[in-house]
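Colleague: I am new to this one. Could you take me through it?

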Amino acid sequence: MALTELLKYNMKYKNIREEELKNKVGADWFPDFDTTEIIGNIDFTVLPKQDNLFGRIPLLWAEAKTGDFDIAAMFVQLILTIGKARTFDKTLPPAFLAAFDFKKIAFVPYINIQDIFYLNDFNWNVTPSNHDTKEFKLIQERIQTILKQNTYVYDYINDEKDLITFIKNNIANATNTSKIKIDKNNFTPIYLRWLEIIKPIIDVNWDELKKANIFDNDFYLADLFVDDRDTQTIDDDITIRDSLFVVYQNQGYTIAKENIKQMFDATIKLKNKETYIQFWKRYKRPPLKEFQDYIIERRDLLVPQDIRERKGAFFTPRQWVELSQKYLTDYLGQNWQEEYYIWDCAAGTGNLLAGLTNKYNIYASTLDQADVNVMHERIDHGANLLKNHVFQFDFLNDDFSILPQSLQNIINNEEKRKKLVIYINPPYAETSGSLKTTAKKGVNLNNVHKKYSDFLKRANHELFTQFLARVYIEIPGCIIGEFSKIKTLQGSHFLDFRNNFLAKIENIFLCQADTFDNVKGKFPIGFKIWNTHIKEKFKKFNADIYNEKAIFIGNKNLYSYDNEKGLINQWIKNYDHNSRNLKVGELSVARNDMQNKALCWISHKADRPLNITLNTLIIDCIFLTVQSSIKATWLNDRDQFLYPNDGWQEDYEFKNDCLTYALFSGQNQIKSTEGTNHWIPFTEYEVNAKEKFESHFMADFIKGKITPQQSESDLFVFREPKPNYQVPILFSDDAKEVFNAGLELWKYYHAQNEVNVNASLYDIREYFQGRNDKGRMNTKSKNPKYTELISELRNKLNLLADKLKPKIYKYEFLKE
């Protein structure tokens, strides 16, 4: 169907939901772009499909509405959404903003409205969708003129050709003119990026320059003080011009230092001009006028790379140091480093403090004197710290009386404590306890472990919680900015800690743990800002998420789960698994979190087992499916499986889909060599078996020939309402697809020579895949037909899992 006919047929997209509207607009108008990614709370994003040097830069952010809406109101809501989350600080803004509804779509260049985000004393903490707030009306008033002069509006039907042309000429070829402004808080982090990307392409002998006391930071400052046409901006400013040792001109660098410039009379060229251009497209040069003198005066913050890299100086990755300081600035204000004191009491060699500007307010302590020596050496080479503020201190053992007197004065003064930021990335070591984890020496051999055991309870086996406990108890009222695992917020073992650690969580961002040096595993690390002066128990927070390149990719709700009905293990144990009914297998019931989902399986010999009987079969299959069907990622690693609401009980399709998934899941590890296989979902006739099956239990159960029953003698007592079952079972189309794929696999297996007629899915996999010399099943088979059939089964199973996912959240087995 032609696009025009399609649009007329849709009647300007009438009578559809917002999600469907966004999907249709993306498919109809932006087919050559990626419109699937969600950035924060923005309704609709357009990105290029191809990555570049800095990742994918958004081309368009849009507000979507069902109906026929006022264009200005839609743009105001979008602006409030962006401003509230400060999305423009978390990822590079797009070239255009847009607003669309059933009838029309409007575009405005981002650069025309970006100054709104820098309004002084504006309250962004309002609900964007509330059109009655004074903030909404103020923004609406401010953008009326801008929209009249700079907005492009297109009717989907009447302006079809013009809209296609606009997208082709503007969105497809968008260059981001809304650059990041350079100020006193970000000029150091930008320098760190510059070192990685620009320094390597400057064609110069750095060793020769060092002999003349010319360093890489001099070239960086030369880059800063040009405009977007690479023209010097300091001709009229004698102070700044005289302060630069290197200037950028004629697409290269010139040494400007009078006593040595004759040694380097030639222009220093770039090896790759395109990389240079692409890097500086991200930033607005020169720096903001009010910060230019400050940046020149504080060139000492731009410490040469070889000094910073000594002895693991990047333990906390550079991108997270930069981002954490950005979050502290957002919370505490532009001048926070002048107004607040900072103590990193787990400083190592001090890299977390790189980029901070006020050395008179910074303290750094570490366990090892060797690390203190490294920091002192760095100070000798220009690091922005004071030697008498850098000291050896065992935070988990030593008394505060040995701290520098100036720091003691802050800690002992109630008002000054409110201006103290404990800024740390503490160690993550833990003791083994009763679990099979790696015990680290010293975790339970310190004074904090002994002194605050009642406060910490089960959280006492973690070093980082010991740091938090001492800070909370002995430095009350301070601000804490800390990197750590999020188990303190979500873990069931940390309930007592949450009950005692009463502080307001002000902001959180999440990143992947394996981006940190020497940290293995796929789980989230959170940077959390706590205000310990405000006493409240953590319940829920909507955290920002960043990928490994520190690009903002969305949000995630974090829950404490403390007020929930219970966890999934409590739910499953409410059903009687000890009846005298036929036992068909065992269900391994281990932990309640996504991290340990692989410990849930069905077999004849399970760990921590519950018996699977006729009466509990569907319940146990729901339990297995809920824990197995959703893929574990680094982001959901700490999510807890919960005691569900009652909605699932009358949803027969959901229960039957779960039965299907459990029958064909890789977590179904029933082996016919360990007991009778009651899990064959087909008859002998369907698979052309050579002999009769030992058990027809599953095929008969599906056909309704055997059903769960309540015994008059109460042998089958349910502590939960007895679940209803559909007899016979009617499967959904997606479930039927899985059965069909499974049937083809069973038929192919039974067509082989010398097969086990009672083979389970696990047995069939073992038959074709074999085992290695260590006795483990191989992950692949050399049989191409089997590979084709098992791949098809897994594909259909994945599609069924996708269908089940929304209901798993709907029935609150997991929380979004």
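Modeller: Here are some short questions and answers on this predicted model.

Colleague: How many helices and strands are in the chain?
Modeller: The chain has 816 residues, and 56% of them count as buried. Its secondary structure comes to 31 helices and 21 strands.

Colleague: What share of the contacts with a separation of 6 or more comes from residues 24 or more positions apart?
Modeller: These contacts join residues that lie 24 or more positions apart in the chain. Their share is 69%.

Colleague: How much of the accessible surface belongs to carbon and sulfur atoms?
Modeller: The accessible surface of the chain is about 36300 Å². The part from carbon and sulfur atoms is 46%.

Colleague: Let's turn to a helix. Within what arc do the buried residues of α11 fall?
Modeller: Helix α11 spans residues 273-280, and Thr-275, Tyr-276, Phe-279 and Trp-280 are buried there. Seen down the helix axis, these buried residues line one face, because they fall within an arc of 120°. In general, an α-helix has 3.6 residues a turn, so residues three or four places apart point the same way. The arc for α11 is 120°.

Colleague: What covers the buried residues of α11?
Modeller: The cover includes both helices and strands. Among the helices are α7 (187-197) and α9 (216-224). Among the strands are β7 (246-249), β8 (252-255) and β9 (283-284).

Colleague: Which residue caps the N-terminal end of α11?
Modeller: A side-chain oxygen of the capping residue lies 3.1 Å from the backbone nitrogen of Glu-274. The cap is Asn-272.

Colleague: Now a sheet. Which strands stand at the edges of the open sheet of β20, β19 and β21?
Modeller: The order is β20-β19-β21, with antiparallel pairing. Each edge strand has a single partner, so one side of it is left without a neighbour in the sheet. The edge strands are β20 (602-603) and β21 (609-613).

Colleague: What is the bridge partner of Gly-585 in β21?
Modeller: Strand β19 (residues 583-588) and β21 run antiparallel and are joined by 5 bridges. The partner of Gly-585 is Ile-612.

Colleague: Which helix packs on this sheet?
Modeller: The helix touches β19, β20 and β21. Its direction makes about 130° with that of β21. The helix is α25 (residues 617-628).

Colleague: Is β18 largely enclosed or not, and how many of its residues are buried?
Modeller: Strand β18 pairs with β17 (residues 540-546) in the antiparallel sense over 7 bridges. One of its residues, Asn-557, is the bridge partner of Asn-542. Strand β18 is largely enclosed by the rest of the structure, because the buried count among its 8 residues is 6.

Colleague: Which residue takes a positive phi in the hairpin of β17 and β18?
Modeller: The hairpin has 5 residues between the strands. The phi is near 65°, and the residue is Ala-550.

Colleague: Is Asp-562 buried or partly exposed?
Modeller: Asp-562 sits in the loop between β18 (552-559) and α24 (568-572). Beyond its neighbours within four places in sequence, Asp-562 contacts Leu-495, Arg-498 and Lys-537. Buried means under 20% relative accessible area. Asp-562 has 21%, so the residue is partly exposed.

Colleague: Which side chain makes a polar contact of 2.7 Å with that of Ser-695?
Modeller: Ser-695 lies in the loop between α27 (684-687) and α28 (697-703). Ser-695 is buried, at 7% relative accessible area. Leaving out residues up to four places away in sequence, Ser-695 touches Thr-676, Asn-677 and His-678. The polar partner is His-678.

Conventions
Residues are numbered from 1 along each chain as its sequence is written. This is a predicted model: local features need pLDDT of at least 70, side-chain atom pairs count only at pLDDT 80 or more; totals for chains, interfaces and linings use all residues. Side-chain values use heavy atoms; hydrogens and water are left out. Buried means under 20% relative accessible area, exposed over 50%, partly exposed in between (1.4 Å probe, protein chains only). Helices (H or I, at least four residues) and strands (E, at least two) are DSSP runs, numbered from the N terminus. The arc is that of the directions from the helix axis to the C-beta atoms. Contact means heavy atoms within 4.5 Å. A polar contact is a pair of N or O atoms within 3.5 Å; within protein, one must be able to donate a hydrogen and the other to accept it, and residues adjacent in sequence count only if both atoms are side-chain atoms. Two strands pair if DSSP finds at least two bridges between them. Axes are lines fitted to C-alpha atoms, for helices over the stretch in contact, and angles run from 0 to 180 degrees between N-to-C directions. Accessible areas come from the Shrake-Rupley method with a 1.4 Å probe; for residues, only the protein chains shown count as cover.
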